[in-house]
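Ready for some practice in reading a protein fold? Take a pencil, look at the picture, and try each exercise before you read its solution.

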Amino acid sequence: MSPALRRDELSGTEQLMLTIERDPRFRSAFANLTMLDTRPDMERLHQRMAETADGFVRLRQIIDGGHWIEVPDFDIDDHLAVLPLGRKWTPAAVRRKALQVLHEPFAEGRPPWRFAVIVADDTDKAAMVWKLHHAITDGMGGIKMSASLMDAAPDATAPLMAVDDIRYDHDEVEPSEPSGRNPVALAGRVVGTARESVGAARWMASQALLARGRAPLWSDRSLDRAFETLRRPLPRAKAAAANLGVSLNDVLVTAATRGATAVHVEAGVKPS
């Protein structure tokens, strides 16, 4: 291996993700779906993606045993695709197409991510879907990476976010940290009482990792997935995060925790 190629040990969080996904029900891939006003300039997009991958080493690495290893023949074209929608342009049709991307496995021997531009024949609109392994980054990091590709306006000369602003380290906030950034500690501050929310978050984590038989909604579910949308006023969510002294992502993760808990309760599976 060339000494110029970077090699990093997997963090504890990354190793945990790999362990969890041995069960296909707990796959560690996620995707960001972004609706665009018009079809992008593919040459310009290709250049932006190359710049982002150049500045974010995880996009150029594969997981081999206990290490991240930079591939010597990394090529953006192995990850970028243009996909025809094949039907009338509707948000629901785009979500179904994005779901196909999410279901497809990553290519063997290539960094675990894929980027697709979805286009249709009946409109100039387009969408982009960026699928990544969760060990590369979290949801917020994925949104930042998407912002590094997009312009704020058609005549903009710089992206919404510079590559230097999207760096991410899974270990920068330890799960035991008692700050408001810890979703387990935060859950009780956003809605409900601390007692029931913290218990719910811990319960869900234990079910996912250790007690499959006790959580049928986790262990007995099918492998089918769906993309759905839930709209909430962004200014109000930002204001709630500011009042609590946490990030917007903290609020979103906590809301997802509470939502998943509510689904279990309604199905007669009591968090405990």
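Here are three exercises with worked solutions on this predicted model.

**Exercise 1.** Find the order of the strands in the open sheet of three strands, and work out which strands stand at the edges.

*Solution.* Start with the order, which is β1-β4-β3, with antiparallel pairing. Next, look at the partners: β1 (7–9) and β3 (61–64) each have a single partner strand, so one side of each is left without a neighbour in the sheet. That puts β1 and β3 at the edges. Finally, check the twist: on average, neighbouring strands here are turned by 25 degrees against each other, direction ignored.

**Exercise 2.** Trace the hairpin of β3 and β4 and find a residue in it with a positive phi.

*Solution.* First follow the pairing: β3 and β4 (residues 67–70) run antiparallel and are joined by four bridges. Then match up residues across the strands: I63 faces W68 of β4, and D64 stands opposite H67. Now turn to the link, where two residues lie between the strands. In this hairpin, G65 takes a positive phi near 65 degrees.

**Exercise 3.** Which residues of helix α8 (residues 234–244) are buried, and why do they lie on the same side?

*Solution.* Begin with the buried residues: A237, A241 and L244. They cover an arc of only 70 degrees around the axis, so they share one side of α8. The general rule helps: an α-helix has 3.6 residues a turn, so residues three or four places apart point the same way. Now look at the face turned away from the buried side, which carries the exposed residues P235, R236, A242 and N243. Last, step past the end of the helix: G245 follows α8 and has a positive phi, near 75 degrees.

Notes: Residues numbered from 1 in each chain as written. Predicted model: local features only at pLDDT ≥ 70, side-chain atom pairs only at ≥ 80, totals over all residues. Heavy atoms only, no water. Pairing = 2+ DSSP bridges. Axes fitted to C-alpha atoms, helices over the stretch in contact; angles between N-to-C directions. Buried < 20%, exposed > 50% of the residue type's maximum accessible area, 1.4 Å probe, protein only. Arc of directions from axis to C-beta.
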